[in-house]
Amino acid sequence: MKHIAALRGLAVAVLALVAFALLPAQAQAVDSTTWIQRNLVGIGYLASGGVDGAYGPATTAAVRGFQRDNGLDEDGAYGPRTELALHNKVAEVQRATGSGADGAYGAGTTSFVAAWQRAHGLDADGIAGPATMNALGIARTVRITAQWKFPALGWSVSGQFGCLEQIYTHESGWKVYATNPSSGAYGIPQALPATKMASAGADWQTNPATQLSWGLSYIKSRYGDPCSAWSFWQSHNWY
């Protein structure tokens with residue numbers, strides 16, 4: 001009987017530990033959604049009132065909008081790729097406004113952004129929306145990232161971006177993780193082999209800016225400009 005009582009006591013203790021272990025996991029799930037929403041609010045993809053801890057239609061739509069702008073599959077799901085991109089974008093804002101770079105858009109970041117906005121004559125709402133990001137020199141979308149690289153290459157956006165749009169739309173749909181199942185060509189510019197992009201930065205697998213730096217340099221060295229590259233693409237279906 002003593003053995004049975006001991007076993008029962010052990011079972012109760014184990015169940016208590018399991019129950020205790022589950023509580024943080026459940027809380028973390030709620031906190032995770034809340035922080036996703038705070039980050040989306042902070043960079044202007046979700047209304048301020050959207051922080052409710054529930055991953056509903058509004059949050060899904062906001063995530064999809066962020067994914068579209070940042071070269072990710074637009075499924076509205078918050079997976080590791082979206083998490084990395086969102087944290088990186090928030091960290092860019094934080095670095096530019098001097099509020100650290102932990103990738104979490106909390107009250108401190110909001111305060112720093114609002115102070116920066118006041119100092120630069122912007123609406124001091126603490127939200128890094130399109131106007132604030134532009135003023136900070138942070139490219140909000142992959143297409144803006146590409147456009148901002150044009151002057152250094154001697155190209156005009158008005159004269160050449162339409163051709164680049166065609167190339168990357170056909171090659172990858174402007175998707176960072178696009179992979180050709182046959183050849184293994186990878187990323188927005190569809191580098192082949194993919195590792196060529198390592199020359200532009202160690203984060204070539206995940207960073208659209210790094211991929212675009214390599215891709216635009218490739219076009220410059222091989223064709224001179226995007227419209228010449230697009231002309232070649234139209235004749236050969238590759239560039």
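Contact here means heavy atoms within 4.5 Å. In this predicted model, the protein chain holds nine helices and zero strands. Two parts of the chain are set out below: Thr-145 in helix H6, and helix H9 with its buried residues.

**Overall chain**
- The protein chain has 239 residues, of which 40% count as buried.
- Its accessible surface amounts to about 12,300 Å², and carbon and sulfur atoms make up 59% of that surface.
- Among contacts in the protein chain with a separation of 6 or more, 40% join residues 24 or more positions apart.

**Thr-145 in helix H6**
- Helix H6 spans residues 142-153 and includes Thr-145.
- Thr-145 counts as buried because its relative accessibility is 12%, and buried means under 20%.
- A polar atom of the Thr-145 side chain lies 2.9 Å from the backbone oxygen of Thr-141.
- Apart from neighbours within four places in sequence, Thr-145 is in contact with Ala-139, Ala-209 and Leu-212.

**Helix H9**
- Helix H9 covers residues 226-236, and its buried residues include Pro-226, Ala-229, Trp-230 and Trp-233.
- These residues lie on the same side of H9, because they cover an arc of only 100° around the axis.
- An α-helix has 3.6 residues a turn, so residues three or four places apart point the same way.
- The cover over the buried residues of H9 includes H6, helix H7 (157-171) and helix H8 (208-222).

**Ends of helix H9**
- At the start of H9, a side-chain oxygen of Asp-225 comes within 3.2 Å of the backbone nitrogen of Cys-227.
- Just after H9, Asn-237 adopts a positive phi of about 60°.

Notes
Residues are numbered from 1 along each chain as its sequence is written. This is a predicted model: local features need pLDDT of at least 70, side-chain atom pairs count only at pLDDT 80 or more; totals for chains, interfaces and linings use all residues. Side-chain values use heavy atoms; hydrogens and water are left out. Helices (H or I, at least four residues) and strands (E, at least two) are DSSP runs, numbered from the N terminus. Buried means under 20% relative accessible area, exposed over 50%, partly exposed in between (1.4 Å probe, protein chains only). A polar contact is a pair of N or O atoms within 3.5 Å; within protein, one must be able to donate a hydrogen and the other to accept it, and residues adjacent in sequence count only if both atoms are side-chain atoms. The arc is that of the directions from the helix axis to the C-beta atoms. Accessible areas come from the Shrake-Rupley method with a 1.4 Å probe; for residues, only the protein chains shown count as cover.
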